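Got a minute to walk through a model with me? I'd like to know what can be read from it and what can't.

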Amino acid sequence: MPQVPQTFFDALAVRTWCGLALTALGRAREEIDAINVYPVADGDTGTNLYLTVESAATAVEAVFAGYEAGSGSGAGSAPAGKPSLADAARAMAHGALIGARGNSGTILAQLLRGMAQVLTAEGETPHTDGDGLRLALRHAADSARQAVAHPVEGTVLSVASAAADAAEGAEGDCGTVARAAYRGACAALAATPGQLAVLERAGVVDAGGRGLVAVLAALVGTFTGEVPGLSVAVPAAAVAAHARGESVQAADRADDGPDGEGGESGEGGPAFEVIYLLEAEDSAVARLRQRLDAQGDSLVVVGGDGLWNVHVHVDDAGAAVEAGVEAGRPYRIRITHFGADDAHTRAGERPPRERVQRAVVAVVPGEGLAGLYAEAGATTVLARPGEPPASGELVEAVRRAHAREVVLLPNDADLRHTAAAAAEQARTEGIRVALIPTRSAVQGIAALAVHEPDRRFDEDVVSMTSAAGATRYAEVTVAERQSWTMAGICQAGDVLGLIDGDVAVIASDVTAAAETILNRMLAAGGELVTLVLGDEAPEGVAEHLETRVREAYLAVDTVVYRGGRQGALVLIGVE
């Protein structure tokens, strides 16, 4: 960690700020999680902000490491071997964008991107001063507000705007401007309960705003050497309730008795949170905003220059992902099911986000399957071809499931060790995790079909494991290069049929290869055939296979799903 204070806002100051902000959010994470009641009381705002800043800090460190290793160009006016302010600011913004988590994390990513746009506007200048910091804070607040479909006062947006307003009235160096922004943010944070009824009822300040205050305190520390303490009190009862796994509103009602104030009017909100990165043109994103805005709420779309982070709460997770597919290339898709007793329940009824007893976390290879699994109640992690999830992503998914017991489905033989490491990490956090070694998404479908969260955990795991183990799996794909296989030598472009992970058929036609491996699998018996079609599967292949099963194998049923961009052309399961 570089020494503080920093005189100017340069690359070293960006690095210092990210490090101090990460430390501050790490200390405040549980406190912020505890007061998280808006827009969804799912108790993860502090964690999401921490992970977002962690991604930003990691990206900045990578830039410095690259220059120190001699890979940087040292171009412009930056000293040789050191990144410029523009290098560090761009890395910070990009890291936050690709690592943004949740509603507040996505907004924070846009705040950092807005600052970076100002800090990089002058090219490779080595540093900026108080005037540049003022402009950066103003642009950050304005761009974040524009990224939210329906801005609400009493949130992190209000705190960001107040910080920028206060900074505009400050004259002096970066330290003076940062102090003014911090004080303005603290005053705005204290006012949030009066702006948002749900905060006032719960007796808390806005969680996202509290996180931003911690980030701005780190900014003050960057230029003064002293990180100020929070001047806005957070109720101890909220933190205690969070530690017990209760919601803030539930604890508040317990103190007030049965005649406590009622909740919001209207129906509960959407059932799913959908987040993904998207490669798309600006015009396509404008249409996507309109489409997603009609589907749900809490819509935040941040980014630019061809890369975006999309966050929305919807009832139809599959439709939200499909909208992204039509706009461009979505990836790193995360879908979270809020659950029956979730944060959208009205505050006067039952606890909005009590930890559920049991959940399923599954790795899936395509957007369509992600929607299918999510609709069945699972928390999903998308694994695109060549982009397998790390154990940390699986641990985060287990945390997002917000359950005491979790069944983990890796759905890939190559992910077994990664999933085992994630399960072990989650167990250290007090979560009971069972890893079912599913090797294909169709085995995961079979396991999920018999999942019954109301029965004993061990019985449920045994039943799901048995269903997965009784499902043979196959896939049809295209060879990328010449290779030796158990079925002979294949050439690049050949169609391959794999059964239980081994190449069994080499062909030139997708439908013919799929029919051949399906016949081999059904020769050993079966009651149900599951077909999952990728986006590039030829037209008519599903109908052909369904007809073949119906005519040749009596009493065998067939179900067909659309998997999206799943890598394989066709996935086949036989139970």
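What follows is a short back-and-forth on this predicted model.

Me: What pLDDT does the protein chain average?
Reply: Let's start with the spread. In this predicted model, 86% of the residues score at least 70. The average pLDDT for the protein chain is 83.

Me: Over which residues does pLDDT stay under 50, with 49 contacts beyond four places in sequence?
Reply: Two stretches are worth flagging here. Residues 340–352 have pLDDT below 50, and that stretch has 39 contacts beyond near neighbours in sequence. Where pLDDT is low, the predicted coordinates shouldn't be read in detail. The stretch with 49 contacts is residues 237–267.

Me: How much of the protein chain is made up of buried residues?
Reply: Buried means under 20% relative accessible area. The protein chain has 575 residues, and the buried share of them is 56%.

Me: Is threonine 52 buried or exposed?
Reply: Threonine 52 sits in helix α2, which covers residues 45–68. The cut-off for buried is under 20% relative accessible area. Because its relative accessibility is 0%, threonine 52 counts as buried.

Me: Which residue's backbone oxygen does the side chain of threonine 52 reach?
Reply: Leaving out residues up to four places away in sequence, threonine 52 touches Ala96, Gly99, Ala100, Arg101 and Gly105. The backbone oxygen in question lies 2.8 Å from the side chain of threonine 52, and it belongs to asparagine 48.

Me: How many strands does the protein chain have?
Reply: Helices come into the count too: the protein chain has 20 of them. Its strands number 18.

Technical notes. Residues numbered from 1 in each chain as written. Predicted model: local features only at pLDDT ≥ 70, side-chain atom pairs only at ≥ 80, totals over all residues. Heavy atoms only, no water. pLDDT = per-residue confidence, 0-100. Contact = heavy atoms within 4.5 Å. Helix = DSSP H or I, 4+ residues; strand = E, 2+ residues; numbered from the N terminus. Buried < 20%, exposed > 50% of the residue type's maximum accessible area, 1.4 Å probe, protein only. Polar contact = N/O pair within 3.5 Å; in protein donor to acceptor, adjacent residues only side chain to side chain.
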